[in-house]
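This explanation leads the reader through a protein chain, from its charged pairs to its interior. Please keep the sequence and the model in view while reading.

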Amino acid sequence: MADKASSLLEGARALASSFRGIRVADAADNERILDYVQNRKMDLQGEGNRSLVVNYRREPDYFAFLALQGNEHVVYLQEDDTGSIQGLGSFTYRDGFWQGSRARVGYVGDLRIAPYRLGQVQWRKLYAAHLALARAHGVAAHFTAILDDNRAARRALVEEASAKNGYAYDTLFRYRMVNVLGNVPTFRKRASGGVGSFLVRRAEGGTEGNDAMRLKDFLARVHAQMPFGADFEKTEWAFRAAHWPGLDVSRFLVATGPAGEWVACCLPWTPRGAKSVLLERSPLALKAARLALNALGAKPPVPAEGEPLHFLYLTHLIFAPCLLPEERARCLESFVAHARRDAKVQGCHFVSFHDPDGPFSLAQRLAFPCGGGLVIQTVPVTLYSVRERVLPAFDAAAAKVQESGVGFELALI
């Protein structure tokens, strides 16, 4: 693997050298990249997020977040004639699954290209050339995430893509990022430990204990059925244990059935220290929710504009295929209840998870006033598979991806 990584990186450097003003970044570029990222705010203009402006921060080390995503990465920098950064793009790689087989897979992130015409033309050509380079080095497929309300990105990368671009975006999976802001009292008994015929508990610690082995096996079996699933059987478990700060078996939540079988799991975890979110501007609805929740004693208080937002994500969130939507909702409700207690201890404002669109959507079953007592805020997001235009598109509908899910972590988007 080290030889392949070194080979791809060297190939990327050679590729970049053939494009004017583009090169592969390294640790010496860290401070300049952080400044560039800080000044590229994300203005969300969708119906549900009017006037919402957020900014993803990566201090103190831009590359630390990439190291959580995979064991190999390439970062391209684009500079004008004065040496000022005009564009940035990252590609991270890990072992996973694609179309039912083990494969090397990639994630495309941090595409931040300034309105610099010559640079945009150069970038489009480089983008397609890098996809071809990665394929030559054994990468089977790439994917990326775009917030639906990020109209500028959708327009530039998806809607206005033309035959002159050597790459294409195909819809892979639609979901909503769900942020649990709080809860209100309801007459329905809320799940705590028992969820119908299931029991939700903390996993027993120890890297070689029975729960550790069962957890690894459960994750491996479900992820092997997903596009871009992680290879927990061979490499991913050891990688995350070594690179995700605070990852420990005893922090996982598991749901077991009547015969002791595992039916769901998650790990409440935050990438704090590698990524943070700054709320630059918020819509009236979110401002009102903040005032109401803080008046009710939210701990920690929901931050105002200009303050950082901290999220505790339900990572490794998977359900056994046999679970019905209502059973999944009850397990998820208990996971959220446990995680909200963890969030208070860790100083996180929200518990967050991804919720698929369609019949397997769970959030509305738990949201106030529709089905439960959770006060939630949602952000629609689409995952796209990214390919060279000359290659055939992946048929996500035929593969029933919306039902099976995709092997990605919301915390790493």
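A salt bridge is a side-chain nitrogen of Lys or Arg within 4 Å of a carboxyl oxygen of Asp or Glu. The model is a predicted one, in which local features need pLDDT of at least 70, side-chain atom pairs count only at pLDDT 80 or more, and totals for chains, interfaces and linings use all residues. Residues are numbered from 1 along each chain as its sequence is written, and side-chain values use heavy atoms, with hydrogens and water left out.

Side chains of opposite charge can pair when their charged atoms come close. The structure holds 25 salt bridges. One of them joins D211 and R201, with an N to O distance of 2.9 Å. Because D211 lies in helix α6 and R201 in strand β10, the pair ties together parts that are ten residues apart in sequence. Helices (H or I, at least four residues) and strands (E, at least two) are DSSP runs, numbered from the N terminus.

Are these two partners buried or exposed? Buried means under 20% relative accessible area, exposed over 50%, and partly exposed in between, computed with a 1.4 Å probe on protein chains only. D211 has 3% relative accessibility and therefore counts as buried, whereas R201, at 22%, is partly exposed.

Strand β10 also provides R202, which meets D342 of helix α9 (residues 325-346) across 140 residues of sequence. Their side chains form a salt bridge of 2.8 Å, N to O. R202 is partly exposed because its relative accessibility is 31%; D342, at 17%, is buried.

A further salt bridge links R23 and E79, whose closest N and O atoms are 3.3 Å apart. This pair also connects distant parts of the chain: R23 belongs to strand β1 (residues 22-24) and E79 to strand β4 (residues 72-79), 56 residues apart. R23 is partly exposed at 29% relative accessibility, and E79 is buried at 16%.

Helix α6, the home of D211, deserves a second look. The helix covers residues 210-223, 14 residues in total, and spans 20 Å from its first C-alpha to its last, close to the 20 Å expected at 1.5 Å a residue. The expected span is 1.5 Å times one less than the number of residues. Buried residues of α6 include D211, A212, L215, F218, L219 and V222. An α-helix has 3.6 residues a turn, so residues three or four places apart point the same way. Against which elements do the buried residues of α6 pack? They pack against β5 (85-98), β10 (198-202), α7 (236-243), β12 (262-269) and β15 (311-319).

The interior can be described through its nonpolar cores. A nonpolar core is a set of buried Ala, Val, Leu, Ile, Met, Phe, Trp, Tyr and Cys residues joined through side-chain atoms within 4.5 Å. The largest has 90 residues, of which L172, L314, L332, F335 and L383 touch the most other members. Apart from this core lies another, of 27 residues, including V74, Y127, L157 and Y169. Contact means heavy atoms within 4.5 Å. Setting aside neighbours within four places in sequence, L383 is in contact with residues that include F143, L172, F173, Y175, V406 and F408.

Finally, the cysteines may be considered. A disulfide is a pair of cysteine sulfur atoms within 2.5 Å, and the structure holds zero disulfides. Why does C265 form no such bond? The closest cysteine sulfur, in C266, is 7.1 Å from that of C265, which is too far for a bond. Both cysteines count as buried, C265 at 0% relative accessibility and C266 at 0%.
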